[in-house]
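Visitor: I should like a close look at a single part of this structure, chosen by you. Please begin there, follow its surroundings outward, and state each cut-off as it is needed.

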Amino acid sequence: MAGNPKIAVIGAGLGGTVAATLLTKAKFDVRLYEQAECFSRLGAGIHLGPNVTRIMREVGIEDELNRTASHPDFWYSRDGVTGEICAKIPLGDYALKQYGSTYLTVHRGDFQQLLTEAVPAGILDFNKKLQKVDDLGDKVVLEFTDGTVEYADLVIGADGVNSVIRESLLGPELPQHTGYIAHRAVFNTPGIQLDLPFDMCTKWWGDDRHMMVYYVTKQQDQIYFVTGVPGGENWDMNKRWVPSTKDELREAFRGWHPTVQALIEGADEITLWPLLELAPLPLWSRGRLVLLGDACHPMKPHMGQGAAMAIEDAAMLTRCLIETGPASYEQAFKLYEKNRTARTARVQSVSHDNTWLRTDEDPDWCFGYDVFSVPLVNI
Ligand code: FAD
């Protein structure tokens, strides 16, 4: 490949924006294509562990995140009915000291906006929905639904759970519904009686369901919950989410602790999402095409690490392209895959089992991972 290859990133989600920013900073020639017209402030929150915030330092938004996001001191796991504490995992100052970066919870829309603003000027095109990709051997042709055609030397499929690039590599296998659904709501923090436990970051556990709750702003004026509840077997896969109601939540969490009831009553707009996953794929790349994030390892969100894995992938892929040089892109892709599959498969598996931090455990293997300095496993 002569000169600086043209790299097309498909999908400006959490993984795609980070890939585009880090690759451009490394002097690659990048274009980022996103199907959406623009991003709306979807009602959802997200955990950013120290494994992610250290990557945000390189992206250039760590300070702004630290300034605006919530900094929980502990992760609490509580019994859903009695409120008894089953685990108390130190975050806050402990995480900063132990891992060198912070543990944050934040509004997903605010995070997406910061990531989008960090993308270098002039490389992001909205309203570009990829419909077909063709690796011709010496270049890749990208056909968009608006009738336009673009060419690239390398293509990164950061196009999420229904990836067009994955379909091109592996055929039309749809992600599986896990038999679980998730209610999500962001709302103004309700006034709660002081005798109720109302911690900054708590997972309320039952036998077959849970509710995860945390603030999404530093001033704690907005709070978020996300549930995991059995159901949704007949989900219409054309729908990413549907509206839900307090009645559905009251029914799902009947008899649960008064704090959980107060949260349900405090919510206004509630959405319902299907939880999808795919077994680990036999390959993440072929020729000039490579996948990252939900495109290659969609998982249940029960560890709060799905986006983290997409972001780590983006950083590792950049590192491997720098390591081998872009002319050896197939080697770079293999190196990337070799250095990511074990970790993402472990996170997929723990997320599937929904055991993360239910009892006191050491989260070091997850939070302590530094994608920039972890020794590379050779191919
Ligand atoms: P996405 O963020 O899905 O981005 C894909 C992008 O590609 C989108 O912008 C899409 O519009 C675009 N796109 C798709 N197809 C095309 C196309 N053909 N052409 C052009 N563009 C295209 N993760 C966490 O880390 N923490 C959490 O707390 C958390 N909570 C979650 C709660 C729920 C209920 C769910 C469902 C998920 C949760 N996740 C969480 C998981 C997280 O949302 C995903 O793992 C993460 O968004 C994956 O990032 P990505 O960049 O791979 O894909």
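Guide: Contact here means heavy atoms within 4.5 Å. On that basis, and not counting residues up to four places away in sequence, M299 touches L276, E277, G306, M309, T344, V347, Q348 and S351. The model is a predicted one, in which local features need pLDDT of at least 70 and side-chain atom pairs count only at pLDDT 80 or more, whereas totals for chains, interfaces and linings use all residues. Residues are numbered from 1 along each chain as its sequence is written, and side-chain values use heavy atoms, with hydrogens and water left out.

M299 is the chosen starting point, and it lies in the loop between strand 19 (289-291) and helix 9. Helices (H or I, at least four residues) and strands (E, at least two) are DSSP runs numbered from the N terminus. M299 is buried because its relative accessible area is 9%, the classes being buried under 20%, exposed over 50% and partly exposed in between (1.4 Å probe, protein chains only).

Helix 9, at one end of this loop, leads to the ligand. Of the helices and strands, helix 9 gives the most to the shell around the ligand, with four residues. Helix 1 (14-25), strand 3 (45-48) and strand 12 (176-188) are also among the elements that each supply at least two residues of the shell. There are 31 residues around the ligand, of which G15, E34, R108, D294 and A307 come nearest; a residue qualifies if one of its heavy atoms lies within 4 Å of the molecule. By class, the shell has 14 nonpolar, 10 polar and seven charged residues. For this count, Ala, Val, Leu, Ile, Met, Phe, Trp, Tyr, Cys and Pro are nonpolar, Asp, Glu, Lys and Arg are charged, and the others, Gly among them, are polar.

Three distances describe how oxygen atoms of the ligand meet the protein. One ligand oxygen is 2.5 Å from an N or O atom in the side chain of R108. For G15, a polar backbone atom lies 2.8 Å from an oxygen atom of the ligand. A polar backbone atom of A307 is likewise 2.8 Å from an oxygen atom of the ligand. Taken alone, the ligand exposes 1,000 Å², and the protein buries 87% of that, with areas from the Shrake-Rupley method and a 1.4 Å probe; for residues, only the protein chains shown count as cover. As for the starting point, the C-alpha atoms of M299 and R108 are separated by 18 Å, although the two residues are 191 residues apart along the chain.

Helix 9 also belongs to the interior. The largest nonpolar core has 97 residues, and M56, F111, L142 and L321 have the most contacts inside it. Helix 9 (residues 306-324) provides the largest share of this core, 10 residues. Such a core is a set of buried Ala, Val, Leu, Ile, Met, Phe, Trp, Tyr and Cys residues joined through side-chain atoms within 4.5 Å. In soluble globular proteins, nonpolar side chains tend to be buried together. Beyond four places in sequence, L321 touches I7, L23, F28, L154, P326, Y329, A332 and F333. A second, separate core of 21 residues includes V213, F225, L263 and I270.

Another loop residue, S163, brings the description back to the region of strand 19. S163 lies in the loop between strand 11 (154-157) and helix 6 (164-170), and it counts as buried because its relative accessibility is 2%. Leaving out residues up to four places away in sequence, S163 touches L291 and A295. Its side chain and that of D159 are joined by a polar contact of 2.6 Å, that is, a pair of N or O atoms within 3.5 Å; within protein, one must be able to donate a hydrogen and the other to accept it, and residues adjacent in sequence count only if both atoms are side-chain atoms. The side chain of S163 also reaches the backbone nitrogen of R166 at 2.8 Å.
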